[in-house]
Amino acid sequence: MISNLAVLPIVIPLLSGIIAAFFHKKIILVRFFSKFMIIFNLLASVWIGFYIMENGSVILETGDWKAPYGIILVADQLSIILVITTNVIASLAVFYARSVLSERKEHYYFYTFFFLLISGVSGAFLTGDLFNLFVFYEVFLMASYALIVLGGEKIQLRESFKYVILNLFSSMLFVTTVAFLYSVVGTVNLAQIAERVQDVEQKGILTTIGILLFFVFASKAAIFPLYYWMPKSYIVPNPVVSALFGALLTKVGIYSILRVFSLIFVHEPMVQQLFLWLAGLSMIFGVIGALSTYNVKLIIVYNIIPAVGFMLMGIGLLSETGYAGAVYYLVHDMIIKAALFMLIGLIVYRAGTSDLRKMGGLLHRYPLLGWTFFISSLVLAGIPPFSGFIGKLLLLQAGFEKDQIMLVLIGLGSSLLILLSMIRIFIHAFWGEEQEVAAVSNKPAPSLAPSVILVLISVILGAGAEWFYPFVEDVSNMLADRDMYINSVLKE
Amino acid sequence: MEILMSILAGILFATGLYNLMQKQILRIVIGTGLISHGAHLFILTMGKLKRGAPPILDEGVGNYVDPLPQALILTSIVISFGVTSFLLALSYRTYVLNKTDNMEMLRGNENDQ
């Protein structure tokens with residue numbers, strides 16, 4: 001009975017999305033309903049979180065089919081931490097959505113697709129089965145296809161076509177890889193795959209499959225060299241949609257890499273070596289991208305790439321400190337990216353343009369916006385005592401433990417350049433002469449409160465690291481000890 | 001039989017990829033369709049082909065086909081059906097609004113945001 005808890009974070013948003021579709025024209029009702037349901041979902045997942053902290057993982061065997069045969073959901077500590085973070089961001093995004101979306105966009109099922117996106121993302125975090133990971137990927141990708149074209153402007157259609165094609169291709173590759181793995185180990189259950197890979201004689205084919213799977217996840221997570229699709233397609237949708245994409249979608253890719261490559265493909269150190277290389281290159285190319293443009297939205301989007309590089313570095317180092325750093329950084333990055341995308345939406349609205357060269361002097365009129373953005377830049381760059389610092393500290397410490405001095409130096413250098421790229425926005429947009437705002441639309445301004453709350457959360461996450469660190473340490477111990485996961489699922 | 005099926009899946013992948021790299025939108029959509037067919041055939045092959053045996057495990061039935069790949073394919077077919085129909089609608093709208101179906105013309109530049 002209690003094991004049914006694991007399915008709640010998937011089912012609540014799924015049903016809410018379907019119900020919201022029925023009265024999508026009654027805007028006031030839908031708004032209220034969405035806020036209520038997403039907060040209910042947040043509270044439910046926090047409660048499940050408390051339950052898991054006390055009693056260990058919750059494993060749901062659907063239809064009472066025993067673990068290796070049936071479909072299972074595994075709510076362990078890593079999953080539930082990420083589900084809670086997702087729901088915190090989603091709750092604030094709903095409050096932000098009202099102020100940035102036109103009523104027409106709300107009519108066209110924004111809330112339905114929003115709930116389906118949350119459902120798919122939570123499902124991907126909770127599933128314990130490789131094929132179901134694919135299915136949940138498709139659930140949130142379908143929702144994201146609909147959200148990215150919401151509004152149906154010329155440029156949106158142009159960019160989203162490319163986004164859909166790339167994701168469709170990597171999804172098909174995902175299915176093929178699952179088929180490969182099934183033919184080698186004869187199962188799609190993550191725990192059972194992990195158990196059986198030890199007995200496979202030809203490790204070479206497993207490495208090939210691992211690399212293929214990495215290709216799939218890396219193209220979702222936007223790791224060098226597979227990030228080319230991301231910058232343009234993330235700037236075209238509405239700010240709230242960009243915030244959800246930037247905060248959640250790439251992170252699901254990283255979570256999948258973390259789960260699969262800490263549990264299944266640990267036999268070949270060369271793969272992890274590859275991760276370290278790609279992590280370093282992602283950091284370098286990400287910051288180069290962020291410094292190369294005057295479009296504020298593009299600067300923020302390019303800043304996703306070095307962050308992904310940092311997390312990949314933690315996964316590739318294969319140590320407990322590395323995992324702890326990756327998990328801490330993952331949670332931190334989800335929150336701060338959501339905040340930054342929301343803030344950028346507001347800045348672009350206030351300035352009337354997304355070109356930095358045409359902005360200026362916003363600080364005189366909007367001091368709170370300015371200083372919130374300034375603090376969030378410091379958080380992103382990893383200045384102590386904010387949350388980015390704790391994550392980076394753990395990652396760099398893990399790097400030193402494994403003698404990856406070069407990578408640590410690249411990490412430190414790219415952090416500085418991230419700070420530079422953010423301060424560039426601050427200097428150009430907030431200092432200087434006040435510019436004539438070209439055309440003030442009569443739309444109400446996007447609300448600032450959600451991003452302030454998100455920035456506050458990440459400040460607490462950094463300043464109160466001592467409260468949160470034990471949980472992260474538990475998660476990293478569990479990731480380092482594969483048998484713990486296998487035994488909890490297969491109950492041997 | 002498995003080898004033949006693998007070769008067939010390989011040909012589907014190759015033609016699909018070729019179409020994916022064309023400039024015309026419709027060819028790209030057809031390419032994704034071909035790739036998904038290749039992937040589905042491939043799953044079936046990976047579950048080991050056996051002819052003339054139903055996927056039922058019952059008392060007295062010794063010879064049966066592995067049902068899991070079939071379940072996987074069914075799920076995957078439904079998904080790719082949905083995505084393809086969405087993609088067709090999307091490419092039609094893209095064509096109507098941008099007035100071209102040539103990907104070279106759909107590059108866009110940085111300053112049009």
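Which residues does A:Ser415 touch, not counting residues up to four places away in sequence? In this predicted model, the answer is A:Phe310, A:Ala381 and A:Lys392. A:Ser415 itself sits in helix H19 of chain A, which runs over residues 405-430. Its relative accessibility is 10%, so it counts as buried.

**Another buried spot**

Now hop over to A:Ile305, in helix H14 (residues 304-316) of chain A. With a relative accessibility of 0%, A:Ile305 counts as buried too. Who covers it? Setting aside neighbours within four places in sequence, A:Ile305 is in contact with A:Ala222, A:Tyr227, A:Met230, A:Ser282 and A:Gly286. You can also look for A:Thr250: it is 55 residues away from A:Ile305 along the chain, yet their C-alpha atoms are separated by 9.3 Å.

**A mostly covered helix**

Helix H8 of chain A spans residues 190-197, and 6 of its 8 residues are buried. Those buried residues are A:Leu190, A:Ala191, A:Gln192, A:Ile193, A:Ala194 and A:Val197. They pack against several other helices of chain A: H6 (130-148), H7 (154-185), H9, H11 (239-263) and H22 (482-490). At the N-terminal end of H8(A), A:Asn189 acts as a cap, with a side-chain oxygen 2.9 Å from the backbone nitrogen of A:Ala191.

**Charges that pair up**

Side chains of opposite charge can pair when their charged atoms come close. Over all chains, the count comes to 6 salt bridges. Here are three of them, with the distance between the closest N and O atoms.

| Residue | Partner | Closest N and O atoms |
|---|---|---|
| A:Arg158 | A:Glu159 | 3.3 Å |
| A:Glu159 | A:Lys162 | 3.5 Å |
| A:Asp333 | A:Lys337 | 2.9 Å |

A:Glu159 turns up in two rows, and indeed A:Arg158, A:Glu159 and A:Lys162 are linked in a network of salt bridges. How does the spacing work for A:Glu159 and A:Lys162? They are 3 residues apart in helix H7 of chain A, so about one helical turn separates them. As for cover, A:Arg158 is buried because its relative accessibility is 10%, and A:Glu159 is buried because its value is 4%. A:Lys162 comes out at 26%, so it counts as partly exposed.

The pair A:Asp333 and A:Lys337 is in helix H15 (residues 320-351) of chain A, and being 4 residues apart means they too are separated by about one helical turn. Is A:Asp333 buried or exposed? It has a relative accessible area of 0%, so it is buried. A:Lys337 is buried as well, with a relative accessible area of 0%.

**A nonpolar patch outside**

Not everything nonpolar is tucked away. A:Leu14, A:Leu15, A:Ile18, A:Ile19 and A:Phe22 form a nonpolar patch on the surface, and together they have about 480 Å² of accessible area. Take A:Leu15, which is in helix H1 (residues 8-22) of chain A. Its relative accessibility is 47%, so it counts as partly exposed.

**Where the two chains meet**

How many residues of chain B are in contact with chain A? There are 39 of them, touching 37 residues of chain A. Together the two chains bury about 3,400 Å², and 77% of that is on carbon and sulfur atoms. On chain B's side, the elements giving two or more residues are helix H1 (2-20), helix H2 (25-46) and helix H3 (67-98). H3(B) supplies the largest share, 17 residues. Across this interface there are 0 salt bridges, while 3 residue pairs are in polar contact.

**Backbone oddities**

Finally, a few places to check along the backbone. The peptide bond from A:Phe224 to A:Pro225 is cis, with omega near 0 degrees. A:Pro225 is in the loop between helix H9 (203-221) and helix H10 (230-235) of chain A. Another cis bond joins A:Pro384 and A:Pro385, where omega is about 5 degrees. A:Pro385 belongs to the loop between helix H17 (367-381) and helix H18 (387-401) of chain A.

Then there is phi. A:Tyr109 is not a glycine, but its phi is positive, about 60 degrees. You'll find A:Tyr109 in the loop between helix H4 (103-107) and helix H5 (110-126) of chain A. At 31% relative accessibility, it counts as partly exposed. B:Lys99, also a residue other than glycine, has a positive phi near 60 degrees. B:Lys99 lies in the segment after H3 of chain B, and it is exposed, with a relative accessible area of 70%.

Note on methods. Residues numbered from 1 in each chain as written. Chains lettered and ligands numbered in written order. Predicted model: local features only at pLDDT ≥ 70, side-chain atom pairs only at ≥ 80, totals over all residues. Heavy atoms only, no water. Patch = residues over 30% accessible without salt bridge, like charges linked within 9 Å, V, L, I, M, F, W, Y side chains within 5 Å. Areas by Shrake-Rupley, 256 points an atom, 1.4 Å probe, with all protein chains shown as cover. Salt bridge = Lys/Arg side-chain N within 4 Å of Asp/Glu carboxyl O. Buried < 20%, exposed > 50% of the residue type's maximum accessible area, 1.4 Å probe, protein only. Contact = heavy atoms within 4.5 Å. Buried area = accessible area lost by both parts, 1.4 Å probe. Polar contact = N/O pair within 3.5 Å; in protein donor to acceptor, adjacent residues only side chain to side chain.
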